[in-house]
Amino acid sequence: MPQGPQTFDALAVRTWCGLALESLGRAREEIDAINVYPVADGDTGTNLYLTVESAAAAVEAVFAGHAMAAASAPPSLADAVRAMAHGALIGARGNSGTILAQLLRGMAQVLAADSGRAHTDGQGLRRALRHAAESARQAVAHPVEGTVLTVASAAADAASDAEGDCGSVARAAYEGARVALTATTGQLAVLERAGVVDAGGRGLVAVLSALVQTFTGEAPRQTPGSAALPAQTDGTPERPDGAGAETCGDGTAGESGPAFEVIYLLEADDAAVDRLRERLDGLGDSLVVVGGDGLWNVHVHVDDAGAAVEAGVEAGRPHRIRITHFGLGDVHAGGAARPPRERAQRAVVAVVPGEGLAGLYAEAGATTVLARPGEPPASGELVQAVRRAHALEVVLLPNDADLRHTAAAAAEQARTEGVRVALIPTRSAVQGIAALAVHEPERRFDEDVVAMTSAAGATRYAEVAVAERQSWTMAGICQAGDVLGLIDGDVAVIGADVTTTAETVLDRMLAAGGEMVTLVLGDETPDAVATRLEARVREAYLAVDTVVYRGGRQGALLLIGVE
């Protein structure tokens with residue numbers, strides 16, 4: 001094969017990302033198959049692949065931007081590595097993916113330090129690998145040996161002793177990582193019992209193999225890991241007893257553990273993040289916080305998902321929140337006592353518009369996808385959520401009329417993967433709450449779907465929001481700043497005051513009858529609004545109950561449901 005470049009420049013970064021994606025794509029199923037703790041969700045390979053996919057896409061976008069500006073120079077090394085690090089940060093999945101994002105960020109901090117340089121040499125690559133390993137350890141709350149952190153440190157140590165160009169340094173790092181990976185089996189009892197190497201470390205070896213190929217033109221002949229797994233009759237690696245859980249850098253494992261995985265991006269300053277680390281460390285385990293310069297990726301396993309999200313709200317602005325309920329088959333694995341990769345029978349996947357609602361849904365057992373105002377999720381995000389739910393049967397709640405086609409496409413894709421999916425066309429989060437309230441996994445699937453659909457359909461929905469511009473509506477012309485009351489998707493009331501408008505909307509909805517009122521307050525809506533509406537219901541509608549939730553940054557000032 002042709003010799004690759006011997007210095008590390010923007011084109012080498014681009015090549016490395018592409019080769020790393022190919023390498024992880026080939027190894028993904030094997031890596032998924034050798035996870036043994038702490039959570040039996042078997043997706044480390046997939047998480048690493050998606051993290052690098054995001055990094056590679058960001059680098060490609062930089063090159064595309066420079067190509068469109070014909071007169072501009074090609075991207076610099078600093079441009080490319082910063083894009084790589086940022087893409088990995090915003091696309092990081094799972095514990096191992098989050099740690100990999102910090103490894104890439106650590107490298108970028110060194111390689112981009114001199115923004116005027118077009119490339120770096122072997123010495124620069126050695127320093128980058130060292131800083132990557134150190135920064136990844138700092139990101140993990142309780143680092144232990146026998147994990148991806150061990151493999152990263154060994155790679156940096158081996159690179160430090162290497163002389164020569166980038167190819168020589170990359171090969172030394174790969175060899176050091178390969179030897180350290182083999183040793184992980186004996187460093188953690190759970191790996192030794194299963195007879196496998198660390199899954200996250202195996203993924204890092206694949207990434208370093210791609211780095212060798214970038215500079216030498218040839219990938220190392222053998223990447224370790226698959227030898228530990230005999231093949232099944234279909235050619236895929238056989239899962240060892242107890243396998244199927246993502247390996248974490250903090251080494252937490254046990255017979256039981258937190259029920260939820262919480263991941264979100266966070267805009268916050270350094271001091272707030274330091275406080276957040278302390279808070280989350282007291283709530284759960286597997287805590288990894290990576291990033292910097294105002295943008296962070298937070299990953300933790302907890303029993304109280306709402307508290308973990310609320311901690312993020314107190315620290316800054318969380319978004320892209322993903323909450324996964326591990327379920328009975330996915331709690332912290334204790335080894336061979338659990339069937340490998342056992343799927344839950346049924347799960348609910350829901351799109352929710354705010355952090356508070358995400359916590360509420362998750363505590364009710366749903367896997368959630370956060371929809372930020374103006375940023376609806378793509379069908380691929382819904383498919384990933386269905387995969388994370390890891391169930392034979394899934395009830396999908398889009399909770400938005402505009403997402404019906406997106407949700408239908410996701411449901412169709414999931415069905416091709418063997419999951420039985422029922423799409424309930426909920427048009428608001430309050431309809432989803434009503435559906436989730438009657439969900440009974442023990443019922444026959446069809447009966448459960450019918451009951452949930454009936455509950456959602458019997459719930460009228462409304463919202464109170466502020467008009468952003470002048471517009472024609474069903475209730476007349478509104479001006480920017482007017483308070484709008486929408487009932488079942490149409491503007492029914494135009495007012496100047498939030499509380500008065502909300503009262504009018506509620507009265508119109510209850511005029512047709514109702515037994516239960518659900519109020520979901522946005523983060524900018526004062527509690528006095530809910531207090532007044534609750535009083536109104538008590539005074540005028542004696543047989544009607546009211547429940548109030550905080551929805552977080554949900555876009556609307558207030559969501560109202562009447563069952």
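**Figure 1. A small space in a predicted model: the second largest cavity, with a volume of about 60 Å³.** This is a predicted model, so please read every view here as a prediction. The residues around the second largest cavity are W16, C17, A20, V52, A55, M84, L104 and V207. Helix α1 is the main contributor to this lining, giving three residues. Both α1 and α2 (44–68) supply at least two residues each. What kinds of residues line the second largest cavity: nonpolar, polar or charged? Eight are nonpolar, with no polar and no charged residues among them.

**Figure 2. The largest cavity, with a volume of about 120 Å³.** Here 14 residues form the lining, and L103, M107, L129, L204 and L208 are the closest to the centre. Look for four elements that give two or more residues to this lining: α4 (94–111), α5 (122–139), α6 (148–160) and α9 (199–216). Of these, α4 gives the most, with four residues. The lining of the largest cavity is made up of 14 nonpolar residues, with no polar and no charged ones. In the model as a whole, the count comes to six cavities of 30 Å³ or more.

**Figure 3. The largest nonpolar core, a set of 86 residues.** Which residues have the most contacts inside this core? They are F8, V13, W16, M84, M107 and L125. Helix α1 (residues 10–33) provides the largest share of the core, 11 residues. Another core lies apart from this one; it has 48 residues, including L287, A366, L436 and Y461.

**Figure 4. A closer look at M107 and the residues it touches.** Leaving aside residues up to four places away in sequence, M107 touches F8, W16, L125, A128, L129 and A132. You have met M107 before: it is one of the residues closest to the centre of the largest cavity, and it is also among those with the most contacts inside the largest nonpolar core.

**Figure 5. The largest pocket, holding about 1,200 Å³ of space.** A total of 37 residues line this pocket, and D400, D402, E463, Q554 and A556 lie nearest its centre. Three strands, β7 (344–352), β11 (460–466) and β14 (483–487), each supply at least two lining residues. The largest share comes from β11, with five residues. How many of the lining residues are nonpolar, polar and charged? The lining of the largest pocket divides into 22 nonpolar, seven polar and eight charged residues.

Terms used. Residues numbered from 1 in each chain as written. Predicted model: local features only at pLDDT ≥ 70, side-chain atom pairs only at ≥ 80, totals over all residues. Heavy atoms only, no water. 1 Å grid on protein atoms, 1.4 Å probe; cavity = no way out; pocket = protein on both sides within 12 Å on 5 of 7 lines; lining within 4 Å. Points joined across faces, edges and corners; volume = space filled by probe spheres on them. Nonpolar A, V, L, I, M, F, W, Y, C, P; charged D, E, K, R; others polar. Core = buried A, V, L, I, M, F, W, Y, C linked by side-chain atoms within 4.5 Å. Buried < 20%, exposed > 50% of the residue type's maximum accessible area, 1.4 Å probe, protein only. Contact = heavy atoms within 4.5 Å.
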